[in-house]
Amino acid sequence: MARVKAVILAAGKGTRMKSELPKVIHEALGKPMVKYSIDAALEAGAKEEDVCLVVGHKADMVKEVVGPNVTYVLQEEQLGTGHAVKCASSFIGEEGLTMVLCGDTPLITGETLKALVQVHQEEKNAITVLTAKVDDPTGYGRIIKDMWGKFVKIVEQKDATLEEQRVDEINSGMYIFDSAILSKALSMLTNDNAQGEYYLTDTIEIVKSQGFGEVATMVIKDVDEIRGVNSPEQLKEAEEILKNR
């Protein structure tokens, strides 16, 4: 079994939560949201010292809530998801596998992440993207595949053609990478785009264009697991689902 690390993105402000607290430490059923992602990563085979939180907004508060057993790296400026993961470059290193998770998806389960690790290893992929098929894909990045069902690219809603917008397979924002390949791709990442940000999805383009390895997807069974929480309403919805489990 390869060593599994997890980088959890937890630097955001979460302005829509309308609260002074950093978004990821808002509680769902009495447990900080980010703890659900950490626990799922541990269930999937990561050890505590192999979990790294990328913190930014009110970092000390997040550290205090989560505790000293995980690793922390600071993202001083919010320059995109790719930049956040780049901040954890020395943690990622060359060894084993690295999952990239979100600190605001309290419904993700260890079982799903364990399956993701398994699929990734069995298929010997460089990157496996966790995806979902949804009735209304509006707002999400679309997973574009060729006629043989092989992964081609991820297209953001705003860049998608009408045909691409009709695709119902979406990016969850969660991935597993071969660590050495991720490190290589991060070192080649640029912010040459309209937003001037570093996008993690660009690492996929790099891996494909440089021939570093195969990119594939694993479609999640329960779409609820990838729900991100961005508002008090969404937090309530997530709590309802957790209760019903």
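A residue counts as buried when its relative accessible area is under 20%, and as exposed when that area is over 50%, with partly exposed in between. The exercises below apply these terms to a predicted model.

**Exercise 1.** Determine whether S183 is buried or exposed, and describe its surroundings.

*Solution.*
Step 1. Locate the residue: S183 belongs to helix 7.
Step 2. Apply the cut-off. The relative accessibility of S183 is 18%, so the residue counts as buried.
Step 3. List the contacts. Apart from neighbours within four places in sequence, S183 touches I92, G93 and E94.
Step 4. Examine the polar contact. The backbone oxygen of G93 lies 2.6 Å from the side chain of S183.

**Exercise 2.** Explain why the buried residues of helix 2 line one face of the helix.

*Solution.*
Step 1. Identify the residues. In helix 2, which spans residues 59-66, the buried ones are A59, V62 and V66.
Step 2. Look down the helix axis. The buried residues fall within an arc of 65 degrees, and therefore they line one face of helix 2.
Step 3. Recall the general principle. An α-helix has 3.6 residues a turn, so residues three or four places apart point the same way.
Step 4. Turn to the other side of helix 2, where D60 and E64 are exposed.
Step 5. Find the packing partners. The buried residues of helix 2 pack against helix 1 (33-43), strand 4 (51-55) and strand 5 (71-74).
Step 6. Inspect what follows the helix. G67 comes after helix 2 and has a positive phi, near 95 degrees.

**Exercise 3.** Describe how helix 7 and helix 8 are arranged, and which residues make the contact.

*Solution.*
Step 1. Choose the quantities. Two packed helices are described by the angle between their axes and the distance between the axes.
Step 2. Read the values. Helix 7 (residues 179-187) packs with helix 8 (residues 201-209) at an angle of about 105 degrees, and their axes are 9 Å apart.
Step 3. Classify the angle. Angles of 65 to 115 degrees count as roughly perpendicular, and helix 7 and helix 8 are therefore roughly perpendicular to each other.
Step 4. Name the residues. Helix 7 contributes I181, A185 and L186 to the contact, while helix 8 contributes T203, I206 and V207.
Step 5. Sort the residues of this contact by character: five are nonpolar, one is polar and none is charged.

**Exercise 4.** State where K58 and K124 lie and what their phi values are.

*Solution.*
Step 1. Consider K58, which is in the loop between strand 4 and helix 2. Its phi is near 45 degrees, a positive value in a residue other than glycine.
Step 2. Classify K58: with a relative accessible area of 31%, K58 is partly exposed.
Step 3. Consider K124, in the loop between helix 5 (110-122) and strand 7 (127-133). Phi of K124 is positive too, near 55 degrees.
Step 4. Classify K124: at 69% relative accessibility, K124 counts as exposed.

**Exercise 5.** Describe the location and surroundings of F177.

*Solution.*
Step 1. Place the residue: F177 is in strand 10 (residues 169-178).
Step 2. Classify it: F177 has a relative accessible area of 1% and is buried.
Step 3. Consider sequence and space together. F177 and N125 are 52 residues apart along the chain, and their C-alpha atoms are separated by 8.0 Å.
Step 4. Inspect the contacts. Beyond its neighbours within four places in sequence, F177 meets residues including G96, L97, H120, I127, L182 and T203.

Terms used
Residues are numbered from 1 along each chain as its sequence is written. This is a predicted model: local features need pLDDT of at least 70, side-chain atom pairs count only at pLDDT 80 or more; totals for chains, interfaces and linings use all residues. Side-chain values use heavy atoms; hydrogens and water are left out. Buried means under 20% relative accessible area, exposed over 50%, partly exposed in between (1.4 Å probe, protein chains only). Helices (H or I, at least four residues) and strands (E, at least two) are DSSP runs, numbered from the N terminus. The arc is that of the directions from the helix axis to the C-beta atoms. Contact means heavy atoms within 4.5 Å. Axes are lines fitted to C-alpha atoms, for helices over the stretch in contact, and angles run from 0 to 180 degrees between N-to-C directions. Angles under 35 degrees count as roughly parallel, over 145 as roughly antiparallel, 65 to 115 as roughly perpendicular and the rest as oblique. Ala, Val, Leu, Ile, Met, Phe, Trp, Tyr, Cys and Pro count as nonpolar, Asp, Glu, Lys and Arg as charged, and the others, Gly among them, as polar. A polar contact is a pair of N or O atoms within 3.5 Å; within protein, one must be able to donate a hydrogen and the other to accept it, and residues adjacent in sequence count only if both atoms are side-chain atoms.
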